[in-house]
Amino acid sequence: MAIPRFALYGEAAAPGQDMLHIESVESRSRLYHWEIEPHVHLGLYQILWLERGSAEVVLDEWRASVAGPAAIVVPPGVVHGFVFAPETDGRVLTLSARFLVEGEFQAVGEAFQALFSAPGVLHFSPDDGEAQRLSVQLGELAAEFALPGSADAPVVQWLARAVVWRLARASEQGHREGGERAHQHQALFTRFLLLVEQHFLEHWPLERYASRLGLSTQRLNRLARAGSGRSALELVHERLTREACRRLVYIAAPAASLALELGFEDPAYFSRFFKRRRGLSPQRWREAQRPPMA
């Protein structure tokens with residue numbers, strides 16, 4: 001019997017989905033009588049913050065009883081399940097990698113790579129100031145996320161990055177335990193995402209990315225599909241397309257000038273590339289983003 005794959009538990013998986021989502025432990029687990037059966041996520045990273053209460057935790061072959069305060073770290077592709085004690089209090093933060101590695105956030109990207117290099121549990125004592133700060137940050141993140149249209153708001157992303165950075169620091173300080181499985185593929189996938197963020201405007205060929213990671217292009221594609229459901233080239237092209245969309249919206253320069261800034265020597269080729277991915281030429285897509293006249 002296949003292990004279920006979900007986006008959020010109980011919801012259909014969407015390969016390559018970009019997501020930032022936070023909810024209380026109770027909001028979903030109560031629907032399933034406090035039991036979340038073993039399942040996997042494709043291309044999504046999760047942090048389960050157990051503030052009060054306890055849970056029986058499965059992370060691949062590793063099983064343990066965990067009491068709060070604790071953070072359970074779940075990289076993509078890791079089988080995980082929970083049986084919570086009734087009325088357990090906590091939050092579940094779900095992220096796709098782009099929220100953590102895009103932009104000028106090198107330190108956060110490195111923290112992300114370290115935190116999600118393997119599944120595990122970070123333990124805290126109830127009077128630990130770091131645990132209290134994490135609870136506050138996650139509460140603020142949940143409050144901001146609940147505001148209409150705020151999922152992509154900068155403050156939501158900053159708070160999510162702050163949580164990851166704080167947990168990565170706690171992991172370095174020895175709070176972590178987990179199974180013996182290394183999950184080196186996850187660390188490699190995150191390194192690939194960081195390389196894409198650094199070099200996508202240079203239009204590196206896949207062979208160069210693979211070489212930097214010590215992989216063949218075939219292994220790089222298998223790594224990308226395991227982590228995101230998409231090929232390595234698709235991930236590079238999607239990052240380039242998102243950057244093109246941003247510049248078309250926020251920079252008034254002609255599309256041909258933006259094409260050069262994006263590393264396309266031929267504006268006509270850029271137009272064809274963009275239309276294949278968004279269904280419209282750059283100019284028509286830009287016009288479609290303008291608010292209607294009053």
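## Ala-232 and its surroundings

Ala-232 is found in helix α9, which covers residues 232-250, and the model in which it is placed is a predicted one. With a relative accessible area of 0%, Ala-232 counts as buried, because that word is used for residues under 20% relative accessible area.

When residues up to four places away in sequence are not counted, Ala-232 touches Phe-192, Leu-206, Leu-220, Asn-221 and Ala-224. The C-alpha atom of Ala-232 is also separated by 9.6 Å from that of Gln-218, a residue 14 residues apart from Ala-232 along the chain.

## Strand β5 and its two partners

Strand β5 (residues 54-59) runs antiparallel to strand β6 (residues 62-67), and 6 bridges join the two. One residue of this pairing is Val-58, whose bridge partner in β6 is Arg-63. The hairpin of β5 and β6 has 2 residues between the strands, and in this hairpin Asp-60 takes a positive phi near 55 degrees.

Strand β5 is also joined to strand β8 (residues 80-84), by 5 bridges, and these two strands likewise run antiparallel. Here Glu-56 has Val-83 in β8 as its bridge partner.

## Helix α5: span and burial

Helix α5 (residues 154-172) has 19 residues, and so, at 1.5 Å a residue, it should span 27 Å; the C-alpha atoms at its ends are 27 Å apart, which agrees with that expectation.

The buried residues of α5 include Val-156, Leu-159, Val-163, Val-164 and Leu-167. Gln-157, Arg-161, Arg-166 and Ser-171 are also among the buried residues of this helix.

Key: Residues numbered from 1 in each chain as written. Predicted model: local features only at pLDDT ≥ 70, side-chain atom pairs only at ≥ 80, totals over all residues. Heavy atoms only, no water. Helix = DSSP H or I, 4+ residues; strand = E, 2+ residues; numbered from the N terminus. Buried < 20%, exposed > 50% of the residue type's maximum accessible area, 1.4 Å probe, protein only. Contact = heavy atoms within 4.5 Å. Pairing = 2+ DSSP bridges. Expected span 1.5 Å × (residues − 1).
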